[in-house]
Amino acid sequence: MKTFEQDLAERRAQHLYRERLILDSPQATQIHLANETLLTFCSNDYLGLANHPQVVAAFKAGADRYGVGAGASHLVTGHSRAHHALEEELADFVGAPRALLFSTGYMANLGVVSALVDRHQIIFEDRLNHASLIDAARLARAKVQRYAHADVAQLQRRMSAQQAALITTDGVFSMDGDIAPLSELYHLATAHGARLLVDDAHGLGVLGKNGRGSFEHLNISWAAPVMLMGTLGKALGVFGAFVAGEVALIETLIQRARTYIYTTALPPAVAEAVRASLKIARAENWRRERLQSLVAQFRAGAAQLGFKLAPSITPIQALIMGEASVALEASRRLRAQGILIPAIRPPTVAAGLSRLRITFSAAHEAAHVERLLQALAAIKPA
Ligand SMILES: Cc1ncc(COP(=O)(O)O)c(C=O)c1O
């Protein structure tokens, strides 16, 4: 058997070794490390709410009222008025009858899929789905068929041949920033009697005039059999996740989703913080408008520099670099110029498609994008 040291050394040699930064400051466009201040383009704090004073105040008030820990799972005594109110507000936000909180998006995906699908059933998954959806299907021990990215025609052919229980897809793909063909997937699911789970971790709060996410962007209203998973630690700036859908789905998850049942509830103060951030996210359209203008500025500038951009209108903009070593080197050279954009490498993305995953936040300003473009100009391959 390989020792840990051998395995780690191999990873290092393949440029796949991961290291953590230690932040001494809140999540913001500028972060402070021990000896460095960096302009970041890599958080998922898309609306700039992770350190918003009203959200912080709501968190503190929540801790004053409820203490710091939920103390139990939701089904025992962990489900507070704050959790319940947040569930109602999230359901109203996305336009579904009910919502159920989970501690993380990862757990929500595991919980839904393993509660609803068993080893005799088939799940169709987009090839670029997030790891949590892939792991969810594994946990359910379902028969998994991965279709080519966003390839509805291929999916349709396969669904005509085999009865599927579930289709799963990211709403906005986390490493490329493109949006799933949700209308077509919805029609396929309904035509074949399957359910559709949409993980809108990167769409919620960001897309659509009111921030309701990928569905709103595509002018589609929620309808059964869609199950919508949204996270609370990205655009909403806090922590946690929810699943929204029909009443009987939510009741079923309360009975059957193991990652809901067998875990401590989120701290109620976290729920209070999300309630505050949701109010801001709903009211302040300027945050979404700012994001759009930053993305447009970046895309125009990067195209002018000769970078090949993936087709994304979202705050996730991928610059494909190729080999892991090339992406790492680009990231290092940006860091030397005071800009933080980690290299995304296998297994997060396919071999040969390592990239700089650039993300924008409403807290960025046009001058920040200008600085980024100047730094990219300096590292551009000849
Ligand atoms: C598409 C997608 N789904 C789910 C998750 C997991 O959400 P969480 O961080 O709340 O576990 C992430 C990222 O974290 C994600 O990018």
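Is A150, judged by its C-beta neighbours inside 10 Å, buried or exposed? With 20 such neighbours A150 counts as buried, where a residue is buried if 20 or more other C-beta atoms, placed from the backbone, lie within 10 Å of its own, exposed if 12 or fewer, and partly exposed in between. The views below come from a predicted model, in which local features need pLDDT of at least 70 and side-chain atom pairs count only at pLDDT 80 or more, while totals for chains, interfaces and linings use all residues. Residues are numbered from 1 along each chain as its sequence is written.

**View 1. Two residues with positive phi, A150 and H15**. A150 is found in the loop between β5 (143-147) and α7 (152-161); helices (H or I, at least four residues) and strands (E, at least two) are DSSP runs, numbered from the N terminus. Although A150 is not a glycine, its phi is positive, at about 60 degrees. H15, in the loop between α1 (4-13) and β1 (30-32), is likewise not a glycine and has a positive phi of about 65 degrees. With 17 C-beta neighbours inside 10 Å, H15 counts as partly exposed. Most residues other than glycine have a negative phi, and most peptide bonds are trans.

**View 2. Two cis peptide bonds**. One cis bond joins A224 and P225, with omega about 10 degrees, and P225 is found in the loop between α9 (214-217) and β8 (226-231). The other runs from P346 to P347, with omega near 5 degrees, and P347 is found in the loop between β12 (343-344) and β13 (354-359).

**View 3. Helix α2 and its buried face**. The 14 residues of α2 (residues 53-66) should span 20 Å at 1.5 Å a residue, and its end C-alpha atoms are 20 Å apart, which agrees; the expected span is 1.5 Å times one less than the number of residues. The buried residues of α2 are V55, A58, F59, G62 and Y66. Seen down the axis of α2, these buried residues fall within an arc of 100 degrees, so they line one face of the helix, the arc being that of the directions from the helix axis to the C-beta atoms. What covers them includes α4 (81-94) and α12 (268-283), whereas P53 and D64, on the other side of α2, are exposed. Just after α2, G67 takes a positive phi of about 80 degrees.

**View 4. Helix α5 and the surroundings of the ligand**. Helix α5 (residues 105-116) has 12 residues and reaches 17 Å from its first C-alpha to its last, close to the 16 Å expected. Because 10 of the 12 residues of α5 are buried, the helix is largely enclosed by the rest of the structure; among the buried ones are G105, A108, N109 and L110. The ligand is surrounded by 13 residues, of which the closest are T104, G105, Y106, H130 and A201, a residue being near if its C-beta atom, placed from the backbone, lies within 6 Å.

**View 5. Domain 1 beside domain 2**. The domain assignment of the protein, automatic or from a database, gives domain 1 (18-47 + 284-379) and domain 2 (53-283). Their contact takes 20 residues from domain 1 and 17 residues from domain 2, two residues being in contact if their C-beta atoms, placed from the backbone, lie within 7 Å. On the side of domain 1 that touches domain 2, α13 (285-304) and β10 (316-322) each supply at least two residues.
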